[in-house]
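Hello,

Here is the structure I said I would pass on. Please look it over first; my notes follow below.

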Amino acid sequence: MNTSKALHSFTLVSVSAAATMLILQACGGGDGNAYAAGDPSALDPIVGVWESTATIQNCSSGAVVSSFKGLAVFNVGGTASFGNSRPPSSQGATFGTWRHDGDGRYSVTLMLMRFNPDGTFAGTQKAKAARTLSADGNSYTGTVTGQVIDAAGTVVSTYCATDTGSRVGW
């Protein structure tokens with residue numbers, strides 16, 4: 001490898017390492033906590049990446065309305081981010097918080113911005129979820145209640161859902 005290519009490779013690795021450290025800092029890592037010190041057992045069991053299936057239901061009858069796939073990242077410190085298989089033009093990024101309620105039970109709150117087909121702001125969507133981890137910590141079941149809110153801040157509809165998920169791993 002010539003010197004120019006070696007320098008270019010070194011620069012790419014250095015920038016990648018710096019970016020990784022910034023992400024770790026933003027997610028609560030690297031600040032002297034037990035996990036950053038090398039003790040992964042200090043992590044709350046929900047911390048990590050999860051894949052899921054959510055099933056939207058009529059809140060009164062329980063009839064299935066639709067379903068979609070999702071991904072979630074639960075960070076050290078109680079923040080989370082979510083993505084799903086819905087068209088990205090219809091909604092923005094989804095962010096939230098989580099809390100361990102004990103005995104494998106968690107409360108999750110999330111929010112996203114919604115957009116009309118022409119790209120204009122349609123409002124927001126908020127949801128609260130209750131999740132229960134399996135004994136091995138690698139799957140969960142949950143229920144969700146949510147609100148669809150228009151651009152003026154008025155709740156225009158509510159929804160209910162169930163969701164199941166599993167930890168992403170090899």
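Strand 7 (139-150) and strand 8 (155-167) run antiparallel and are joined by eleven bridges. Two strands count as paired if DSSP finds at least two bridges between them. Strands are DSSP runs (E, at least two residues), numbered from the N terminus. This is a predicted model: local features need pLDDT of at least 70, side-chain atom pairs count only at pLDDT 80 or more, and totals for chains, interfaces and linings use all residues. Residues are numbered from 1 along each chain as its sequence is written, and side-chain values use heavy atoms, with hydrogens and water left out.

Thr143 has Thr162 in strand 8 as its bridge partner. The hairpin of strands 7 and 8 has four residues between the strands. There, Gly153 takes a positive phi near 95°.

Strand 8 also pairs with strand 1 (48-57). Eight bridges join these two, again antiparallel. Ala54 stands opposite Asp163 in strand 8.

Now the core. The largest nonpolar core (buried Ala, Val, Leu, Ile, Met, Phe, Trp, Tyr and Cys joined through side-chain atoms within 4.5 Å; buried means under 20% relative accessible area, 1.4 Å probe, protein chains only) has 22 residues. Phe74, Phe82 and Trp98 have the most contacts inside it. Strands 1, 7 and 8 are among the elements giving two or more residues to this core. Leaving aside neighbours within four places in sequence, Phe82 is in contact (heavy atoms within 4.5 Å) with residues including Leu71, Phe95 and Arg131.

Last, Val168 lies in the segment after strand 8. Val168 counts as partly exposed (between 20% and 50%) because its relative accessibility is 42%.

Best wishes
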